[in-house]
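Biologist: I'm new to this structure, so please pick out one strand for me and take a close look at it. Start with some background on the whole thing, then zoom in as you go.

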Amino acid sequence: MTVGFALAGRTASEISAAVEAGVRSGSLQAGDPLPPIRAAATQLGVSPATVAAAYQALRQRGIAESAGRHGTRVRPRPAVAPARGQFRLEVPEGVLDLATGAPDPRLLPDLGPALARAAAAGTSTGYAAGTVHPPLRAAARERFERDGVDGSELAVVGGALDGIERLLNAHLLPGDRVAVEDPGWANLLDLVAALGLRAVPVPVDEDGPEPRGLADALRGGARAFVVTSRAHNPTGAGVTAARAVDLRAVLAEHPDVLVIEDDHAGELSVDALHPLAGATGAWGFVRSVSKSYGPDLRLAVVAGDATSIGRLVGRQRVGTGWVSLLLQRLVADLWSDPAVAATVATAKEEYEIRRTALVEALRARGRTVTGRTGLNVWVSVPDETTAVARLREAGFAVAPGALYRIATPPAIRISVGGLETDAVPAVADATVRAVTGSAHTPGV
């Protein structure tokens, strides 16, 4: 137990609140173990059942997780706002940020003209304006239909994770199992834990989730499946046409499962889309705009079956109500601007050049790498902590794979958003030194 933290409370809610306060203040750090149940019960003068209930509540809220025979510990990224942001990946000054996964600001379109046009259209809409701006609805529907996704039922939400959360809440209850990619998007794993759901890992290769792993997860009781269509974070995988056929065959045996597809990369992906939409009765296809047009554009369009979209919109109406109509106008304008389309196409080509160069350089140096599409490259390593620390000392910040994986082997994620092509050899050489402790020998 971290020095400076003292467990307190007489009831389960008081004990869990004390742990939560410790995480917020920083006296409990990510990965810190909580006292064994019987030891904590003796210390506090309560029954073991009371402490067990407190720990269960912490797990259901995504603050703690089971560590097997080692008891319970604080999650790597607990669902609590810390006082000093200590769970963020800090990138020191002078170190190249290849960890956060953000797009290159220089490759994003200029929002100024579209903002001016959206503002000129007026900002006073009133409370009866509806939930989806008609031009945005028409543009989204056309884009979905072009990609083979039924766009007849649509909703607009505040980003990809917001859409996924609303779809999960529309169908699942705390304790339900969710099949997730392993490795997979760290924010999604955090969300599943925070909702009190149980993540069931499905292994991923370069062609997407493995059908056998998905079949095992669904036979084990998973009621939902969340899949990244392409530009998978963190591995750069993408669902191929053949893999989509195999996954649909598995899903056909489980028609009641909710299937959620995340197409966060959209126009930035070089891969064609092979959607699973409609493989089961309940589905949602989420396409956000942050990677292509700007991280501050917190908007995603969701297509889905009538029941799922109806539940999503109904719950939205008694909460946030709708996504800003000004923001919706802005996105509709960006989608219709040929100059913006050209900028996004240039960005796609540049990311492809950067990622391909890094993958080829690492493979030429004997590293096991995946990264067929998107902004990320996944590099197998024997020890994540050592590799991350050595790369940081060499001037490169990368992300430890532990944030993204459940049962898969150690790795690091290198993002190419901030990587210039001429820096690729230095990054590849530094990665080899970080993994092996020795320099790369040219020609080997």
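Modeller: Let's begin with charge: the protein carries 45 positive side chains and 47 negative ones, and the centres of those two sets lie 6 Å apart. Keep in mind that this is a predicted model, so everything here is computed from it.

Now the overall build. There are 15 helices and 16 strands in the protein. With a radius of gyration of 23 Å, close to the 22 Å that the globule rule gives for 444 residues, the protein is as compact as a globular protein of that length. Along the principal axes, its C-alpha atoms fill a box of roughly 65 × 65 × 45 Å. Take the contacts between residues at least 6 apart in sequence: 73% of them join residues at least 24 apart. On the outside, the accessible surface comes to about 18900 Å², and carbon and sulfur atoms account for 53% of that.

Before the close-up, here's a sheet to look at. Its 8 strands form an open sheet with mixed pairing, in the order β4-β11-β10-β9-β8-β5-β6-β7. The edges are β4 (154–157) and β7 (208–209), each of which pairs on one side only. Inside that order, β5 (residues 177–182) and β6 (residues 198–205) run parallel, joined by 6 bridges. If you want a spot to click on, R177 sits opposite R198 in β6.

Now for the strand I'd zoom in on: β16, residues 411–415. Buried residues make up 51% of the 444 in the protein, where buried means under 20% relative accessible area. In β16, 5 of the 5 residues are buried, so this strand is largely enclosed by the rest of the structure.

You can see that cover on either face. In a regular strand, side chains alternate between the two faces of the sheet. In β16, A411, R413 and S415 are on one side, with I412 and I414 on the other, and all of them are buried.

And what does β16 pair with? One partner is β13 (residues 376–380), which runs antiparallel to β16 and is joined to it by 5 bridges. Within that pairing, N376 has S415 of β16 as its bridge partner. Another partner is β15 (residues 399–400), also antiparallel to β16, with 2 bridges joining them. There, A399 is bridged to R413 of β16. So look again at S415 and R413: both are on the side of β16 that also holds A411, and both are buried.

Notes: Residues numbered from 1 in each chain as written. Predicted model: local features only at pLDDT ≥ 70, side-chain atom pairs only at ≥ 80, totals over all residues. Heavy atoms only, no water. Helix = DSSP H or I, 4+ residues; strand = E, 2+ residues; numbered from the N terminus. Rg over C-alpha atoms; globule rule 2.2 N^0.38 Å. Buried < 20%, exposed > 50% of the residue type's maximum accessible area, 1.4 Å probe, protein only. Contact = heavy atoms within 4.5 Å. Areas by Shrake-Rupley, 256 points an atom, 1.4 Å probe, with all protein chains shown as cover. Lys, Arg positive; Asp, Glu negative; His and termini not counted. Charge placed at Lys NZ, Arg CZ, Asp CG, Glu CD. Pairing = 2+ DSSP bridges.
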